[in-house]
2 protein chains.
Amino acid sequence: MAEAVLAWTLFLHRDMPAYARQQAERRWQPLAYTPPEARTVSLLGLGELGQHAAQVLRRERFKVCGWSRSRKHIEGVESFAGEKGLFEMLAGTDVLVCLLPLTEHTQGLVSHRVLQVLPDDAALINFSRGPIVDDAALLQALDTVRLKHAVLDVFDREPLSAESPFWSHPRVTVLPHVSGPTDVESAAAIVADNIRNFRHTGHVPEGVDFRRGY
Amino acid sequence: MAEAVLAWTLFLHRDMPAYARQQAERRWQPLAYTPPEARTVSLLGLGELGQHAAQVLRRERFKVCGWSRSRKHIEGVESFAGEKGLFEMLAGTDVLVCLLPLTEHTQGLVSHRVLQVLPDDAALINFSRGPIVDDAALLQALDTVRLKHAVLDVFDREPLSAESPFWSHPRVTVLPHVSGPTDVESAAAIVADNIRNFRHTGHVPEGVDFRRGY
(Lines give C-alpha, C1' and ligand atoms only; values in the text may rest on other atoms or scores of the structure.)
Protein backbone atom coordinates (compact mmCIF):
# COMPACT_ATOMS: atom_id res chain seq x y z
CA MET A 1 0.00 0.00 0.00
CA ALA A 2 2.82 2.42 0.85
CA GLU A 3 4.32 1.58 -2.53
CA ALA A 4 1.03 2.48 -4.26
CA VAL A 5 0.91 5.80 -2.36
CA LEU A 6 4.44 6.57 -3.54
CA ALA A 7 3.81 5.39 -7.12
CA TRP A 8 0.66 7.48 -7.66
CA THR A 9 2.07 10.46 -5.75
CA LEU A 10 5.00 10.41 -8.20
CA PHE A 11 2.49 9.99 -11.06
CA LEU A 12 0.91 13.29 -9.97
CA HIS A 13 4.18 14.94 -8.91
CA ARG A 14 5.85 14.28 -12.29
CA ASP A 15 2.73 15.46 -14.19
CA MET A 16 2.12 12.14 -15.92
CA PRO A 17 -1.56 12.92 -16.62
CA ALA A 18 -0.64 16.21 -18.36
CA TYR A 19 2.16 14.57 -20.37
CA ALA A 20 -0.24 11.83 -21.52
CA ARG A 21 -2.69 14.49 -22.72
CA GLN A 22 0.09 16.33 -24.54
CA GLN A 23 1.25 13.11 -26.19
CA ALA A 24 -2.29 12.49 -27.50
CA GLU A 25 -2.10 15.98 -29.07
CA ARG A 26 1.48 15.42 -30.38
CA ARG A 27 2.50 18.43 -28.32
CA TRP A 28 6.13 18.83 -27.11
CA GLN A 29 5.88 21.04 -24.03
CA PRO A 30 8.13 20.61 -21.00
CA LEU A 31 6.29 21.66 -17.83
CA ALA A 32 7.91 23.46 -14.90
CA TYR A 33 9.46 21.06 -12.39
CA THR A 34 8.67 21.42 -8.69
CA PRO A 35 11.04 19.60 -6.31
CA PRO A 36 9.40 17.22 -3.81
CA GLU A 37 10.56 19.43 -0.90
CA ALA A 38 8.06 21.99 -2.21
CA ARG A 39 5.12 19.54 -2.34
CA THR A 40 2.99 18.68 0.65
CA VAL A 41 1.36 15.27 0.69
CA SER A 42 -1.32 15.02 3.37
CA LEU A 43 -2.48 11.65 4.62
CA LEU A 44 -5.99 11.19 5.97
CA GLY A 45 -5.34 8.40 8.45
CA LEU A 46 -2.09 7.79 10.33
CA GLY A 47 -2.56 4.18 11.37
CA GLU A 48 -0.13 1.48 10.28
CA LEU A 49 -0.73 2.12 6.56
CA GLY A 50 -0.50 5.88 6.94
CA GLN A 51 2.68 5.74 9.00
CA HIS A 52 4.35 3.43 6.51
CA ALA A 53 3.28 5.68 3.61
CA ALA A 54 4.62 8.72 5.49
CA GLN A 55 8.00 7.06 5.90
CA VAL A 56 8.27 6.15 2.20
CA LEU A 57 7.21 9.66 1.10
CA ARG A 58 9.64 11.29 3.55
CA ARG A 59 12.61 9.39 2.19
CA GLU A 60 11.74 10.66 -1.31
CA ARG A 61 11.85 14.16 0.21
CA PHE A 62 8.15 15.10 0.11
CA LYS A 63 6.73 17.24 2.89
CA VAL A 64 4.27 15.03 4.77
CA CYS A 65 1.28 15.97 6.94
CA GLY A 66 -1.16 13.57 8.54
CA TRP A 67 -4.58 13.73 10.11
CA SER A 68 -5.95 11.22 12.61
CA ARG A 69 -8.38 10.92 15.52
CA SER A 70 -5.69 11.89 17.98
CA ARG A 71 -2.50 13.78 17.31
CA LYS A 72 0.50 11.51 16.59
CA HIS A 73 4.19 12.12 17.13
CA ILE A 74 6.00 10.85 14.04
CA GLU A 75 9.38 12.23 13.06
CA GLY A 76 9.21 14.53 10.06
CA VAL A 77 5.41 14.40 9.86
CA GLU A 78 3.24 17.37 10.82
CA SER A 79 0.33 15.88 12.69
CA PHE A 80 -3.22 17.27 12.85
CA ALA A 81 -6.40 16.17 14.62
CA GLY A 82 -9.98 17.37 15.01
CA GLU A 83 -12.09 19.39 12.57
CA LYS A 84 -10.06 22.57 13.02
CA GLY A 85 -6.87 20.58 12.41
CA LEU A 86 -8.33 19.02 9.27
CA PHE A 87 -9.10 22.36 7.64
CA GLU A 88 -5.76 23.79 8.70
CA MET A 89 -3.98 20.86 7.04
CA LEU A 90 -6.10 20.97 3.85
CA ALA A 91 -5.23 24.63 3.20
CA GLY A 92 -1.56 23.69 2.68
CA THR A 93 -2.06 20.38 0.83
CA ASP A 94 -0.89 19.57 -2.71
CA VAL A 95 -1.82 15.88 -2.73
CA LEU A 96 -4.51 14.55 -0.37
CA VAL A 97 -4.31 10.79 0.17
CA CYS A 98 -7.26 9.04 1.78
CA LEU A 99 -6.31 5.98 3.84
CA LEU A 100 -9.08 6.17 6.48
CA PRO A 101 -11.19 3.22 7.53
CA LEU A 102 -14.88 3.53 6.70
CA THR A 103 -16.89 4.28 9.85
CA GLU A 104 -19.94 6.38 10.66
CA HIS A 105 -17.50 9.24 11.34
CA THR A 106 -15.59 9.04 8.04
CA GLN A 107 -18.48 8.43 5.63
CA GLY A 108 -18.69 11.47 3.34
CA LEU A 109 -15.74 13.11 5.11
CA VAL A 110 -14.20 14.25 1.80
CA SER A 111 -17.12 16.61 1.25
CA HIS A 112 -17.82 19.69 -0.84
CA ARG A 113 -16.43 21.83 1.99
CA VAL A 114 -13.23 19.77 2.26
CA LEU A 115 -12.62 19.89 -1.50
CA GLN A 116 -13.26 23.64 -1.58
CA VAL A 117 -10.62 24.30 1.08
CA LEU A 118 -7.88 22.55 -0.91
CA PRO A 119 -5.67 25.00 -2.83
CA ASP A 120 -6.16 25.29 -6.62
CA ASP A 121 -4.38 22.51 -8.52
CA ALA A 122 -4.34 20.12 -5.57
CA ALA A 123 -4.99 16.44 -6.32
CA LEU A 124 -6.80 13.61 -4.54
CA ILE A 125 -5.89 9.94 -4.18
CA ASN A 126 -8.54 7.64 -2.65
CA PHE A 127 -7.08 4.30 -1.65
CA SER A 128 -9.41 3.50 1.27
CA ARG A 129 -13.17 3.18 0.71
CA GLY A 130 -15.50 4.78 -1.83
CA PRO A 131 -18.15 6.20 0.52
CA ILE A 132 -15.58 8.39 2.31
CA VAL A 133 -15.59 10.68 -0.75
CA ASP A 134 -18.73 12.55 -1.83
CA ASP A 135 -18.78 11.70 -5.57
CA ALA A 136 -20.97 14.63 -6.61
CA ALA A 137 -18.74 17.10 -4.76
CA LEU A 138 -15.66 15.50 -6.33
CA LEU A 139 -17.04 15.80 -9.86
CA GLN A 140 -17.93 19.41 -9.20
CA ALA A 141 -14.42 20.17 -7.91
CA LEU A 142 -12.92 18.50 -11.00
CA ASP A 143 -15.25 20.25 -13.42
CA THR A 144 -14.56 23.68 -12.03
CA VAL A 145 -10.82 22.84 -12.47
CA ARG A 146 -10.14 23.61 -8.85
CA LEU A 147 -8.93 20.04 -8.41
CA LYS A 148 -6.22 19.04 -10.90
CA HIS A 149 -6.63 15.26 -10.86
CA ALA A 150 -8.14 12.40 -8.87
CA VAL A 151 -6.77 8.87 -8.63
CA LEU A 152 -9.63 6.63 -7.51
CA ASP A 153 -9.06 3.01 -6.61
CA VAL A 154 -12.24 2.47 -4.58
CA PHE A 155 -15.89 3.23 -5.26
CA ASP A 156 -19.30 3.07 -3.61
CA ARG A 157 -20.08 0.00 -5.70
CA GLU A 158 -17.43 -2.26 -7.20
CA PRO A 159 -16.86 -3.09 -9.97
CA LEU A 160 -17.51 0.52 -11.00
CA SER A 161 -20.66 0.73 -13.16
CA ALA A 162 -20.05 1.22 -16.90
CA GLU A 163 -22.25 4.35 -16.68
CA SER A 164 -20.04 6.11 -14.13
CA PRO A 165 -18.81 9.52 -15.32
CA PHE A 166 -15.41 8.73 -13.72
CA TRP A 167 -14.38 6.33 -16.52
CA SER A 168 -14.20 9.01 -19.17
CA HIS A 169 -13.33 12.04 -17.08
CA PRO A 170 -10.10 13.53 -18.48
CA ARG A 171 -8.80 14.31 -15.02
CA VAL A 172 -9.66 11.04 -13.29
CA THR A 173 -7.59 7.86 -13.12
CA VAL A 174 -9.79 4.84 -12.41
CA LEU A 175 -8.10 1.80 -10.85
CA PRO A 176 -9.88 -1.52 -10.12
CA HIS A 177 -9.14 -1.69 -6.36
CA VAL A 178 -5.46 -2.61 -6.71
CA SER A 179 -3.67 -0.18 -4.38
CA GLY A 180 -3.26 -2.69 -1.55
CA PRO A 181 -2.80 -6.06 -3.23
CA THR A 182 -2.55 -9.04 -0.92
CA ASP A 183 0.70 -10.75 -1.69
CA VAL A 184 -0.03 -14.42 -0.92
CA GLU A 185 3.51 -15.08 0.27
CA SER A 186 3.63 -12.18 2.72
CA ALA A 187 0.07 -12.86 3.95
CA ALA A 188 0.98 -16.50 4.63
CA ALA A 189 4.13 -15.38 6.49
CA ILE A 190 2.08 -13.05 8.73
CA VAL A 191 -0.43 -15.78 9.59
CA ALA A 192 2.38 -18.26 10.30
CA ASP A 193 4.07 -15.71 12.59
CA ASN A 194 0.84 -15.11 14.49
CA ILE A 195 0.28 -18.85 15.03
CA ARG A 196 3.90 -19.36 16.16
CA ASN A 197 3.58 -16.42 18.52
CA PHE A 198 0.29 -17.70 19.96
CA ARG A 199 1.83 -21.14 20.64
CA HIS A 200 4.74 -19.61 22.51
CA THR A 201 3.01 -16.83 24.42
CA GLY A 202 -0.75 -17.40 24.19
CA HIS A 203 -0.99 -13.83 22.83
CA VAL A 204 -3.66 -13.11 20.21
CA PRO A 205 -2.49 -10.35 17.81
CA GLU A 206 -4.27 -7.00 17.70
CA GLY A 207 -7.09 -7.14 15.23
CA VAL A 208 -10.27 -5.32 14.43
CA ASP A 209 -11.87 -3.35 17.28
CA PHE A 210 -15.59 -3.62 16.65
CA ARG A 211 -16.34 -0.65 18.88
CA ARG A 212 -14.13 1.70 16.80
CA GLY A 213 -15.31 0.00 13.61
CA TYR A 214 -11.90 -1.01 12.18
CA MET B 1 17.12 12.21 -12.48
CA ALA B 2 17.08 9.39 -9.91
CA GLU B 3 13.56 10.51 -9.01
CA ALA B 4 12.50 10.21 -12.66
CA VAL B 5 13.98 6.71 -12.86
CA LEU B 6 12.01 5.72 -9.75
CA ALA B 7 8.80 7.44 -10.93
CA TRP B 8 8.72 5.80 -14.37
CA THR B 9 9.94 2.45 -13.03
CA LEU B 10 6.94 2.51 -10.66
CA PHE B 11 4.75 3.58 -13.61
CA LEU B 12 5.77 0.35 -15.37
CA HIS B 13 5.93 -1.77 -12.21
CA ARG B 14 2.37 -0.84 -11.18
CA ASP B 15 1.04 -1.41 -14.73
CA MET B 16 -0.14 2.17 -15.21
CA PRO B 17 -0.13 1.90 -19.04
CA ALA B 18 -2.36 -1.20 -18.92
CA TYR B 19 -4.74 0.37 -16.39
CA ALA B 20 -5.04 3.50 -18.57
CA ARG B 21 -6.00 1.31 -21.56
CA GLN B 22 -8.54 -0.57 -19.46
CA GLN B 23 -10.03 2.71 -18.22
CA ALA B 24 -10.48 3.88 -21.83
CA GLU B 25 -12.43 0.64 -22.44
CA ARG B 26 -14.39 0.96 -19.14
CA ARG B 27 -12.94 -2.38 -18.14
CA TRP B 28 -12.58 -3.35 -14.45
CA GLN B 29 -9.79 -5.90 -14.38
CA PRO B 30 -7.26 -6.14 -11.52
CA LEU B 31 -3.92 -7.40 -12.83
CA ALA B 32 -1.62 -9.74 -10.92
CA TYR B 33 0.76 -7.88 -8.60
CA THR B 34 4.47 -8.67 -8.67
CA PRO B 35 6.49 -7.47 -5.65
CA PRO B 36 9.52 -5.27 -6.43
CA GLU B 37 11.85 -7.96 -5.04
CA ALA B 38 10.83 -10.04 -8.06
CA ARG B 39 11.60 -7.28 -10.62
CA THR B 40 15.05 -6.60 -11.97
CA VAL B 41 15.81 -3.08 -13.09
CA SER B 42 19.02 -2.90 -15.13
CA LEU B 43 20.85 0.38 -15.54
CA LEU B 44 22.95 1.03 -18.63
CA GLY B 45 25.52 3.38 -17.14
CA LEU B 46 26.72 3.35 -13.53
CA GLY B 47 28.22 6.83 -13.29
CA GLU B 48 26.95 9.38 -10.78
CA LEU B 49 23.40 9.32 -12.19
CA GLY B 50 23.31 5.53 -12.40
CA GLN B 51 24.64 5.04 -8.88
CA HIS B 52 22.13 7.46 -7.45
CA ALA B 53 19.29 5.77 -9.36
CA ALA B 54 20.48 2.37 -8.10
CA GLN B 55 20.36 3.57 -4.51
CA VAL B 56 16.81 4.93 -4.86
CA LEU B 57 15.58 1.74 -6.57
CA ARG B 58 17.26 -0.46 -3.96
CA ARG B 59 15.52 1.28 -1.09
CA GLU B 60 12.17 0.60 -2.79
CA ARG B 61 13.24 -3.08 -2.86
CA PHE B 62 13.83 -3.57 -6.59
CA LYS B 63 16.59 -5.90 -7.70
CA VAL B 64 19.18 -3.72 -9.44
CA CYS B 65 21.81 -4.61 -12.02
CA GLY B 66 24.16 -2.19 -13.75
CA TRP B 67 26.40 -2.20 -16.80
CA SER B 68 29.38 0.11 -17.29
CA ARG B 69 32.77 0.27 -19.04
CA SER B 70 34.48 -1.31 -16.07
CA ARG B 71 32.93 -3.43 -13.34
CA LYS B 72 31.85 -1.42 -10.28
CA HIS B 73 31.51 -2.51 -6.67
CA ILE B 74 28.28 -1.03 -5.36
CA GLU B 75 26.45 -2.62 -2.45
CA GLY B 76 23.32 -4.47 -3.53
CA VAL B 77 23.94 -3.90 -7.24
CA GLU B 78 25.00 -6.72 -9.54
CA SER B 79 27.62 -5.18 -11.79
CA PHE B 80 28.37 -6.18 -15.40
CA ALA B 81 30.89 -4.99 -18.00
CA GLY B 82 31.90 -5.85 -21.54
CA GLU B 83 29.76 -7.26 -24.35
CA LYS B 84 29.42 -10.68 -22.73
CA GLY B 85 28.38 -8.99 -19.48
CA LEU B 86 25.80 -6.87 -21.31
CA PHE B 87 24.01 -9.86 -22.83
CA GLU B 88 24.18 -11.77 -19.56
CA MET B 89 22.50 -8.85 -17.78
CA LEU B 90 19.85 -8.31 -20.46
CA ALA B 91 18.63 -11.91 -20.26
CA GLY B 92 17.45 -11.32 -16.67
CA THR B 93 16.11 -7.76 -17.08
CA ASP B 94 12.52 -6.61 -16.53
CA VAL B 95 13.10 -2.87 -16.94
CA LEU B 96 16.11 -1.60 -18.91
CA VAL B 97 17.00 2.02 -18.10
CA CYS B 98 19.39 3.85 -20.41
CA LEU B 99 21.53 6.47 -18.66
CA LEU B 100 24.65 6.24 -20.85
CA PRO B 101 26.44 9.26 -22.29
CA LEU B 102 26.37 9.46 -26.09
CA THR B 103 29.78 8.51 -27.51
CA GLU B 104 31.00 6.66 -30.60
CA HIS B 105 30.83 3.48 -28.48
CA THR B 106 27.25 3.91 -27.25
CA GLN B 107 25.57 5.17 -30.45
CA GLY B 108 23.07 2.50 -31.53
CA LEU B 109 23.99 0.34 -28.53
CA VAL B 110 20.32 -0.52 -27.85
CA SER B 111 20.15 -2.45 -31.11
CA HIS B 112 17.92 -5.12 -32.61
CA ARG B 113 20.15 -7.76 -31.01
CA VAL B 114 19.95 -6.12 -27.57
CA LEU B 115 16.16 -5.81 -27.73
CA GLN B 116 15.80 -9.43 -28.87
CA VAL B 117 17.77 -10.71 -25.87
CA LEU B 118 15.44 -9.03 -23.37
CA PRO B 119 12.82 -11.41 -21.92
CA ASP B 120 9.22 -11.14 -23.20
CA ASP B 121 7.30 -8.34 -21.47
CA ALA B 122 10.41 -6.39 -20.53
CA ALA B 123 10.23 -2.58 -20.80
CA LEU B 124 12.64 0.15 -21.83
CA ILE B 125 13.22 3.62 -20.38
CA ASN B 126 15.51 5.96 -22.33
CA PHE B 127 16.54 8.98 -20.26
CA SER B 128 19.95 9.62 -21.84
CA ARG B 129 20.24 10.42 -25.55
CA GLY B 130 18.09 9.45 -28.55
CA PRO B 131 20.80 8.01 -30.84
CA ILE B 132 21.75 5.34 -28.28
CA VAL B 133 18.53 3.49 -29.22
CA ASP B 134 17.94 2.15 -32.73
CA ASP B 135 14.41 3.49 -33.40
CA ALA B 136 13.54 0.98 -36.15
CA ALA B 137 14.60 -1.94 -33.94
CA LEU B 138 12.60 -0.49 -31.03
CA LEU B 139 9.42 -0.15 -33.12
CA GLN B 140 9.85 -3.70 -34.33
CA ALA B 141 10.28 -5.01 -30.77
CA LEU B 142 7.15 -3.11 -29.69
CA ASP B 143 5.10 -4.25 -32.67
CA THR B 144 5.92 -7.90 -32.18
CA VAL B 145 4.76 -7.40 -28.53
CA ARG B 146 8.07 -8.73 -27.25
CA LEU B 147 8.64 -5.40 -25.52
CA LYS B 148 5.76 -4.38 -23.24
CA HIS B 149 6.30 -0.63 -23.13
CA ALA B 150 8.88 2.07 -23.82
CA VAL B 151 9.20 5.38 -21.96
CA LEU B 152 11.14 7.74 -24.22
CA ASP B 153 12.28 11.13 -22.99
CA VAL B 154 14.99 11.74 -25.62
CA PHE B 155 15.03 11.49 -29.40
CA ASP B 156 17.37 11.79 -32.37
CA ARG B 157 15.86 15.19 -33.10
CA GLU B 158 14.07 17.32 -30.52
CA PRO B 159 11.36 18.45 -30.41
CA LEU B 160 10.10 15.10 -31.74
CA SER B 161 8.65 15.55 -35.23
CA ALA B 162 4.84 15.50 -35.46
CA GLU B 163 5.18 12.64 -37.97
CA SER B 164 6.98 10.31 -35.56
CA PRO B 165 5.20 6.96 -35.05
CA PHE B 166 6.12 7.15 -31.35
CA TRP B 167 3.45 9.79 -30.56
CA SER B 168 0.52 7.48 -31.29
CA HIS B 169 2.05 4.12 -30.43
CA PRO B 170 -0.17 2.50 -27.78
CA ARG B 171 2.82 1.10 -25.94
CA VAL B 172 5.05 4.18 -25.99
CA THR B 173 5.12 7.06 -23.51
CA VAL B 174 6.62 10.19 -25.10
CA LEU B 175 8.10 12.78 -22.74
CA PRO B 176 9.54 16.14 -23.87
CA HIS B 177 13.05 15.74 -22.39
CA VAL B 178 12.04 16.27 -18.77
CA SER B 179 13.66 13.38 -16.89
CA GLY B 180 16.58 15.43 -15.61
CA PRO B 181 15.20 18.92 -15.03
CA THR B 182 17.66 21.57 -13.95
CA ASP B 183 16.41 23.01 -10.73
CA VAL B 184 17.62 26.63 -10.84
CA GLU B 185 18.14 26.78 -7.08
CA SER B 186 20.23 23.62 -6.86
CA ALA B 187 22.22 24.51 -10.01
CA ALA B 188 23.03 27.95 -8.57
CA ALA B 189 24.11 26.32 -5.29
CA ILE B 190 26.49 23.95 -7.14
CA VAL B 191 28.08 26.80 -9.11
CA ALA B 192 28.43 28.90 -5.95
CA ASP B 193 30.09 25.95 -4.17
CA ASN B 194 32.54 25.47 -7.03
CA ILE B 195 33.54 29.15 -7.04
CA ARG B 196 33.94 29.17 -3.25
CA ASN B 197 36.03 26.02 -3.43
CA PHE B 198 38.22 27.43 -6.23
CA ARG B 199 38.90 30.62 -4.23
CA HIS B 200 39.97 28.62 -1.18
CA THR B 201 41.92 25.81 -2.82
CA GLY B 202 42.52 26.75 -6.48
CA HIS B 203 40.91 23.37 -7.34
CA VAL B 204 38.82 23.20 -10.54
CA PRO B 205 36.00 20.64 -10.17
CA GLU B 206 35.93 17.49 -12.29
CA GLY B 207 34.12 18.16 -15.50
CA VAL B 208 33.85 16.75 -18.96
CA ASP B 209 36.74 14.59 -20.16
CA PHE B 210 36.96 15.32 -23.88
CA ARG B 211 38.97 12.17 -24.52
CA ARG B 212 36.23 9.90 -23.09
CA GLY B 213 33.55 12.09 -24.66
CA TYR B 214 31.54 12.93 -21.51
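Visitor: How many salt bridges are there between chain B and chain A?
Guide: In this predicted model, the count between chain B and chain A is four salt bridges. One of the residues that form such a bridge is B:Arg14, whose partner is A:Glu3, and the closest N and O atoms of that pair are 2.8 Å apart.

Visitor: Why would side chains like that pair up at all?
Guide: As a general matter, side chains of opposite charge can pair when their charged atoms come close.

Visitor: And which parts of chain B touch chain A?
Guide: On the side of chain B that touches chain A, at least two residues each are supplied by α1 (2-13), α2 (16-24), α3 (48-59) and β7 (172-174) of chain B. The largest share of that side comes from α1(B), which gives eight residues.

Visitor: How many residues are in contact there, and what area is buried?
Guide: In chain B, 47 residues are in contact with 48 residues of chain A. The area buried between the two chains is about 3800 Å², and carbon and sulfur atoms give 63% of that area. There are also 23 residue pairs in polar contact between chain B and chain A, counting pairs with both residues at pLDDT 80 or more.

Visitor: How are the two copies related?
Guide: A turn of 180 degrees, with a shift of 0.0 Å along the axis, lays chain B on chain A with an RMSD of 0.1 Å. The two copies are therefore related as by a two-fold rotation axis. In chain B, the C-alpha nearest that axis belongs to B:Ala7, at 3.3 Å from it.

Visitor: Do they meet through the same surface or different ones?
Guide: They meet through the same surface, because 100% of the interface residues of chain B are also interface residues in chain A.

Visitor: New topic: what is in the largest nonpolar core?
Guide: The largest nonpolar core has 60 residues, and those with the most contacts inside it are A:Trp8, A:Leu43, A:Phe127, B:Trp8, B:Leu43 and B:Phe127.

Visitor: What does B:Trp8 touch?
Guide: Leaving aside residues up to four places away in sequence, B:Trp8 touches A:Arg14 and A:Met16 in chain A, and B:Ile125, B:Phe127, B:Val151, B:Thr173 and B:Leu175 in chain B.

Visitor: Back to salt bridges, how many are there over all chains?
Guide: The count comes to 16 salt bridges over all chains. One of the pairs is A:Lys148 with A:Asp15, at 3.5 Å from N to O. A:Lys148 lies in strand β6 (residues 147-152) of chain A and A:Asp15 in the loop between α1 (2-13) and α2 (16-24), so the pair ties together parts that are 133 residues apart in sequence.

Visitor: Are those two residues buried or exposed?
Guide: A:Lys148 is partly exposed, with a relative accessible area of 36%, whereas A:Asp15 counts as buried at 10% relative accessibility.

Visitor: Which residue forms a salt bridge with A:Asp120?
Guide: The partner of A:Asp120 is A:Arg146, and their closest N and O atoms are 2.6 Å apart. This pair links distant parts of the chain, since A:Asp120 is in the loop between α5 (112-117) and β5 (122-126) and A:Arg146 is in the loop between α6 (135-143) and β6 of chain A, 26 residues apart. A:Asp120 counts as exposed, at 52% relative accessibility.

Visitor: And where do B:Asp193 and B:Arg196 lie?
Guide: Both lie in helix α7 (residues 184-201) of chain B, three residues apart, which is about one turn of the helix. The side chains of B:Asp193 and B:Arg196 meet in a salt bridge at 2.7 Å from N to O.

How values were computed:
Residues numbered from 1 in each chain as written. Chains lettered and ligands numbered in written order. Predicted model: local features only at pLDDT ≥ 70, side-chain atom pairs only at ≥ 80, totals over all residues. Heavy atoms only, no water. Least-squares fit on C-alpha atoms with pLDDT ≥ 70 in both. Contact = heavy atoms within 4.5 Å. Core = buried A, V, L, I, M, F, W, Y, C linked by side-chain atoms within 4.5 Å. Buried < 20%, exposed > 50% of the residue type's maximum accessible area, 1.4 Å probe, protein only. Buried area = accessible area lost by both parts, 1.4 Å probe. Polar contact = N/O pair within 3.5 Å; in protein donor to acceptor, adjacent residues only side chain to side chain. Helix = DSSP H or I, 4+ residues; strand = E, 2+ residues; numbered from the N terminus.
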